[in-house]
Amino acid sequence: NLVNILCVGSVIARKGHQILFEALRELTELEWHLDCIGKTDFDTALYEQLANYLVENGLSSRISFHGAVDANKLKNAYLKADLFALPSLYEGYGMVYAEAIVRGIPVIATTAGAIPKTVPDGCGILAIPNDVPSLKEALRKAISDENLRNKMHLACIEAEPDFPTWESSARQMAEFLESAT
């Protein structure tokens, strides 16, 4: 069974695309496809380096860059995803992890920054930041074990009510601003 992996994040060094690609390069015996969504023009040299890496390592048919997309295409990408992966080297919060979790998508991330506070226990696997072997093992477990993905999916569904939505956050901000006037 093909596992569709989604990565959402601008192509900048801090997001860890290179580490993700290196880890996946060592897992070609497994059935997976990675869709990368996010702006590619913040660091064009990095984007070109990553695109060349895919070609040089025979990964072009398994890893796709889509650039920045509209809300509808992003929604469809989340709907298609079996797994979310973004091995950031730092996140202050990590809204994309929350976006995946509220949709029931298991997360592969790192222990960097606020990610452990954003990804509840059981909702994913957190690797060591900037560590290809650690990330490779997290990905291997999640890609090869459908039962594990199902357990993480259920944990995400259980955790979902604890996550603020954009609407509830906007309502709280409006209430705060009203009370301040």
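Is Asn130 buried or exposed?

1. In this predicted model, Asn130 is exposed, because its relative accessible area is 54% and the threshold for that class is over 50%. The residue is found in the loop between S6 and H6, and its backbone deserves a look, since Asn130 has a positive phi of about 60 degrees although it is not a glycine. As background, most residues other than glycine have a negative phi.

2. The sheet is open and consists of six strands in the order S3-S2-S1-S4-S5-S6, with parallel pairing. Strand S3 (63-67) and strand S6 (124-127) stand at the edges, and each has a single partner strand, so one side of each is left without a neighbour in the sheet. Between neighbouring strands of this sheet the average turn is 25 degrees, with direction ignored.

3. At the S3 end of that order, strand S2 (residues 32-37) pairs with S3 in the parallel sense over four bridges. For anyone checking the register, Asp35 has Ser64 in S3 as its bridge partner.

4. Helix H4 (residues 95-102) lies across three strands, namely strand S1 (3-8), strand S4 (83-85) and strand S5 (107-110), and runs at about 155 degrees to S5. Ala100 lies in this helix H4 and is buried, because its relative accessible area is 0%, where the cut-off for burial is under 20%. Leaving out residues up to four places away in sequence, Ala100 touches Tyr78, Phe84, Ile105 and Val107. By way of contrast in position, Ala100 and Thr40 are 60 residues apart in sequence and 21 Å apart in space, taken from C-alpha to C-alpha.

5. Phe84 can be followed further from this point: with neighbours within four places in sequence set aside, its contacts are Leu6, Val8, Tyr78, Val96, Tyr97, Ala100, Ile105, Pro106, Val107 and Ile108. Phe84 is also among the residues with the most contacts inside the largest nonpolar core, together with Phe21, Leu24, Trp32, Leu34, Leu139 and Ile143. That core has 55 residues, and H6 gives the most to it, with six residues. In soluble globular proteins, nonpolar side chains tend to be buried together.

6. Helix H1 (residues 17-25) and helix H2 (residues 44-56) pack with their axes 11 Å apart and at an angle of about 5 degrees; H1 and H2 are therefore roughly parallel to each other, given that angles under 35 degrees fall in that class. From H1 the contact draws on His17, Gln18, Phe21, Glu22 and Arg25, and from H2 on Gln49, Leu50, Tyr53 and Leu54. Sorted by class, the contact of H1 with H2 has four nonpolar, three polar and two charged residues.

7. Helix H6 (residues 132-144) and helix H7 (residues 146-159) are arranged in another way: their axes come within 5 Å and cross at roughly 95 degrees. H6 and H7 are therefore roughly perpendicular to each other, as the class covers 65 to 115 degrees. Lys141, Ala142, Ile143 and Ser144 in H6 meet Glu146, Leu148, Arg149 and Met152 in H7, and the residues of this contact divide into four nonpolar, one polar and three charged. Ile143, which takes part in this meeting with H7, is also one of the residues with the most contacts inside the largest nonpolar core.

Definitions and conventions: Residues are numbered from 1 along each chain as its sequence is written. This is a predicted model: local features need pLDDT of at least 70, side-chain atom pairs count only at pLDDT 80 or more; totals for chains, interfaces and linings use all residues. Side-chain values use heavy atoms; hydrogens and water are left out. Axes are lines fitted to C-alpha atoms, for helices over the stretch in contact, and angles run from 0 to 180 degrees between N-to-C directions. Helices (H or I, at least four residues) and strands (E, at least two) are DSSP runs, numbered from the N terminus. Angles under 35 degrees count as roughly parallel, over 145 as roughly antiparallel, 65 to 115 as roughly perpendicular and the rest as oblique. Contact means heavy atoms within 4.5 Å. Ala, Val, Leu, Ile, Met, Phe, Trp, Tyr, Cys and Pro count as nonpolar, Asp, Glu, Lys and Arg as charged, and the others, Gly among them, as polar. Two strands pair if DSSP finds at least two bridges between them. A nonpolar core is a set of buried Ala, Val, Leu, Ile, Met, Phe, Trp, Tyr and Cys residues joined through side-chain atoms within 4.5 Å. Buried means under 20% relative accessible area, exposed over 50%, partly exposed in between (1.4 Å probe, protein chains only).
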